[in-house]
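Me: I would like a close look at one part of this model. Please take the place where the two chains meet.

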Number of protein chains: 2
Amino acid sequence: MKFVKIPSIVITRLSTYARNLKILEQKGVDVVSSVRLADICGTNPAQIRKDLAYFGQFGVKGVGYYVKELLFEIGKILGLDKEWRLGLVGVGNLGLALLRHTHFMNHGYTFVAAFDEKPERIDIRIGDIEVAPLEAINRLVKEKGVEIGVIAIKPVWAQKAADMLVMAGVCGIVNFAPIQLQCATHVFIENVDFSLKLDILCYRLTSARSRQRR
Amino acid sequence: MKFVKIPSIVITRLSTYARNLKILEQKGVDVVSSVRLADICGTNPAQIRKDLAYFGQFGVKGVGYYVKELLFEIGKILGLDKEWRLGLVGVGNLGLALLRHTHFMNHGYTFVAAFDEKPERIDIRIGDIEVAPLEAINRLVKEKGVEIGVIAIKPVWAQKAADMLVMAGVCGIVNFAPIQLQCATHVFIENVDFSLKLDILCYRLTSARSRQRR
């Protein structure tokens with residue numbers, strides 16, 4: 001089978017489809033038309049069809065999509081049919097917000113370890129997790145089977161944290177620090193960057209205003 | 001002038017260029033080669049050239065880019081040459097992390113108002129800001145000149161908050177709640193969604209593993 005790299009935007013949309021299918025499932029909906037599903041997901045039926053076509057043939061013409069079935073298939077594609085174990089680096093306000101964001105529990109994501117560089121935060125218990133120093137990353141990633149690292153620490157510590165996670169065997173990192181992490185090519189990094197989003201908004205607002213003035 | 005809609009990914013990269021140019025400027029660097037700038041920003045010189053070409057001609061052949069000049073031009077393009085006033089809805093852990101993220105101050109972003117739905121959080125002072133109830137959104141957005149709303153409140157309150165912000169005249173929203181906001185078409189919305197990023201990582205890790213097994 002030829003390997004086709006699927007664009008991240010397609011994966012993002014699949015993830016949005018899954019989220020909305022889950023809500024439909026919880027409401028007891030069995031079948032959803034492609035128009036209705038597209039509407040809920042803020043897209044159009046052709047886009048859904050195109051996105052799903054990367055992975056096979058889904059849905060029934062004139063009927064729509066079977067909710068449970070499509071949810072199961074997308075879950076399998078995304079790898080959401082297993083539990084993913086997360087390690088958090090940085091338990092400041094942002095880290096705590098992420099830990100307490102119980103939403104993830106429904107999603108198959110569980111935090112199993114947390115680390116911080118500040119001595120006063122070490123040994124604090126948050127739910128089932130005891131905060132450990134950065135030096136414990138190597139040991140705890142292996143002991144707890146951490147697969148994904150979440151970096152929510154000050155920028156100045158972020159690269160060190162990433163290096164330690166990768167050294168311990170982590171291949172996926174969600175990075176909240178506003179810096180460009182440098183990691184080996186086998187490591188997948190997703191950046192969550194508030195100020196980049198703000199910059200996009202400013203650009204959109206600025207160019208909308210300058211169009212109005214013309 | 002014909003209006004060309006610039007893709008968000010281009011704006012995101014421009015924002016990354018600006019960020020790195022600022023660091024170079026602070027280090028006292030006057031001129032940077034396109035290869036060096038591309039390297040710092042994790043891209044290639046052709047990409048930078050292509051992104052900038054949307055807006056004009058920049059850089060000098062055989063020399064590179066004048067740091068101050070390019071930074072100024074990108075700032076103007078993105079609308080970062082003015083101060084943007086932000087209003088925060090939701091002062092839980094995530095909201096506090098955003099408020100305290102002093103990084104934005106350097107960037108021309110200032111929080112000027114904060115709102116919450118929990119009675120015990122009303123009237124708390126965070127720096128110069130007094131937390132107000134959601135009902136005060138309309139009045140304070142106008143009084144304080146809020147241009148961008150930042151929604152960091154529970155999903156169940158997010159749509160109501162968005163409606164109130166838009167009603168008060170806000171046209172740009174950064175949304176941290178994991179729901180699809182429904183707003184009028186003149187409103188720009190940027191979603192910051194941690195679990196979507198996790199889903200992308202899971203997919204990348206899952207497909208890398210299945211390639212290895214083949």
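Why can one say that the copies meet through the same surface?

Reply: Start with the overlap. This is a predicted model. In it, 100% of the interface residues of chain A are also interface residues in chain B, so the copies meet through the same surface.

The superposition comes next. A turn of 180 degrees, with a shift of 0.0 Å along the axis, lays chain A on chain B. The RMSD is 0.0 Å. The two copies are thus related as by a two-fold rotation axis.

Now the contacts. On chain A, 45 residues are in contact with 45 residues of chain B. Several elements of chain A each supply at least two residues of the side that touches chain B. The helices are H1 (8-26), H5 (93-100), H6 (103-107) and H9 (194-213). The strands are S8 (172-175) and S9 (188-191). H9(A) gives the most, with 14 residues. By class, this side of chain A has 25 nonpolar, 13 polar and seven charged residues.

Then place that side within the whole chain. Chain A has nine helices and nine strands. It is divided into domain 1 (8-77) and domain 2 (84-195). The centres of these two domains of chain A, taken over C-alpha atoms, are 31 Å apart. The C-alpha trace of chain A spans about 60 × 50 × 40 Å along its principal axes. Of the 214 residues of chain A, 38% count as buried.

Last, the contacts inside chain A. Take those between residues at least 6 apart in sequence: 59% join residues at least 24 apart.

How values were computed: Residues numbered from 1 in each chain as written. Chains lettered and ligands numbered in written order. Predicted model: local features only at pLDDT ≥ 70, side-chain atom pairs only at ≥ 80, totals over all residues. Least-squares fit on C-alpha atoms with pLDDT ≥ 70 in both. Contact = placed C-beta atoms within 7 Å. Domains from an automatic or database assignment. Helix = DSSP H or I, 4+ residues; strand = E, 2+ residues; numbered from the N terminus. Nonpolar A, V, L, I, M, F, W, Y, C, P; charged D, E, K, R; others polar. Buried ≥ 20, exposed ≤ 12 C-beta atoms within 10 Å, placed from the backbone.
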